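Ready to learn how structural words get their meaning? Take a look at the sequence and the model, then follow the questions below.

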Amino acid sequence: MVIKYLDKRETHAMDFEQLRAFYTLAQTKNFTKAAEMLHLVQSTVTMRIKQLEEKVGKPLFIRDKRSVEITQAGLTLLPYAERILKLSHEALNEVASLQPYEDYLSIGSLNAIWTSTLEPILKEYHCRYPQIAISTRTGHSSDVIQYLLDNVIQIGIVYVPPSLPNFEVIPTWDDEIVLVCCPESSVAQATHVDSRELRNLPLLYMNWGPPFNEWIRQTLPRNYVPKLTVDKAELAIDLIKEGLGVSLLTRSAVKAELAAGTLKELPITGNKPPKRSAYIVLPKDKKNKPSVEKWLSLMSELGYSTT
């Protein structure tokens, strides 16, 4: 299998096996180990690297008797080789997933959105449409957008909307950011908290991105540095339950704990935090795909905006 790229002079064919040899050697920095991992003889790996270097027109590695070091040209090529190999693997998996199913759907989102909102939708979709194969991806908003650009997923649901041609961005729901604490903590005795007093609380800080960032800069002193910063709502919830502090989390992330009484909400007065908006992002040419239409219809049925 080959991929072709153009320069100003001629067309070159870049072989997948050459890229695989290059990527493996870049990871191992050893021809013998690379050959073992690829189940090849060392001379074959050497030949594939040489052929690739001839096509690129620059050396990709510096060799001596003891080591192999990647060059600047190699470092430039490496992320592209990794993405190409990853996409070829994804493509084969997607094709294989169609058997014995009629269609497939791949969705990407953030961990916090999966656990707080999308999980019950996914369960219902899985039960309602047994003839559709489903796969999920999890990452930050930027990761999910890259999955969309690479055609790894058909639908992305993110907090930070992209500005991309040929993609539709649909505001789907707004989520409040609320201050929560352990019911047994001394802070729980308060009936409310003024936003200006947040600086005096043991805040477990979670960055919810814009416009939350702007609000927090206005609310806390310029030199404020949180003692503990977390990147997962589930971790923040566990730490709050253990009495380590309070946190600003989305209502959807803590609704079960608030209902069960294992967390308590402290209403914020004064300058309240902005709501966190979630967005559906999908390629315009995929919106009429049956599996995508069914997912959007189900979200609409459950009360989420999809238009």
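**Words and the values behind them**

Q: Which residue in E16 stands opposite Val158?
A: Opposite Val158, in E16, stands Tyr279. Labels such as E16 come from DSSP runs numbered from the N terminus, helices (H or I) having at least four residues and strands (E) at least two. A note before we go on: residues are numbered from 1 along each chain as its sequence is written, and side-chain values use heavy atoms, leaving out hydrogens and water. This is a predicted model, in which local features need pLDDT of at least 70 and side-chain atom pairs count only at pLDDT 80 or more, while totals for chains, interfaces and linings use all residues.

Q: What makes E7 and E16 a pair?
A: Two strands pair if DSSP finds at least two bridges between them. Strand E7 (residues 155–158) is joined to E16 by three bridges, so the pair meets that rule. The two strands run antiparallel.

Q: Which helices pack on this sheet?
A: Helix H5 (residues 111–128) does, touching strand E5 (103–109), E6, E7 and E8. H10 packs on the sheet too, with E5, E6, E7, E8 and E16 as its contacts. Here, contact means heavy atoms within 4.5 Å. The direction of H5 makes about 175° with that of E6, and the direction of H10 makes about 55° with that of E5. Such angles run from 0 to 180 degrees between N-to-C directions, with axes fitted to C-alpha atoms, for helices over the stretch in contact.

Q: What is the order of the strands in the open sheet, and why are E6 and E8 said to stand at the edges?
A: The five strands have the order E6-E5-E7-E16-E8, with mixed pairing. Strand E6 (132–138) and strand E8 (167–175) each have a single partner strand, so one side of each has no neighbour in the sheet. On average, neighbouring strands here are turned by 20° against each other, direction ignored.

Q: Why is Lys289 called buried?
A: Buried means under 20% relative accessible area, exposed means over 50%, and partly exposed lies in between (1.4 Å probe, protein chains only). Lys289 has 16% relative accessibility, so it counts as buried. Lys289 is found in the loop between strand E16 (276–283) and helix H10 (290–301).

Q: What makes the link between the side chains of Lys289 and Ser291 a polar contact?
A: A polar contact is a pair of N or O atoms within 3.5 Å; within protein, one must be able to donate a hydrogen and the other to accept it, and residues adjacent in sequence count only if both atoms are side-chain atoms. The two side chains come to 3.0 Å, so the distance fits the cut-off.

Q: Why do Lys29 and Asn151 get different labels for exposure?
A: Lys29 has a relative accessible area of 41%, so it is partly exposed. Asn151, at 52%, counts as exposed. Lys29 has a positive phi of about 55° although it is not a glycine, and Asn151 has one of about 60°, also without being a glycine. Most residues other than glycine have a negative phi.

Q: What makes strand E9 mostly covered?
A: Five of the five residues of E9 (residues 177–181) are buried. Ile177, Leu179 and Cys181 point one way, and Val178 and Val180 the other way. In a regular strand the side chains alternate between the two faces of the sheet.

Q: What is known about the largest pocket, and which residues lie nearest its centre?
A: A pocket is an open set of points on a 1 Å grid over the protein atoms alone, where a 1.4 Å probe fits, with protein on both sides within 12 Å along at least five of seven lines; lining residues have an atom within 4 Å of a point. The largest pocket has a volume of about 430 Å³, volume being the space filled by probe spheres set on the points, which are joined across faces, edges and corners. Of its 20 lining residues, Leu110, His140, Met206, Asn207 and Asp231 lie nearest the centre. H5, strand E12 (228–230) and helix H8 (233–241) each give two or more residues to the lining.

Q: Why does Met206 count as buried or exposed?
A: Met206 has 7% relative accessibility, so it counts as buried. Met206 is found in strand E11 (residues 203–206).
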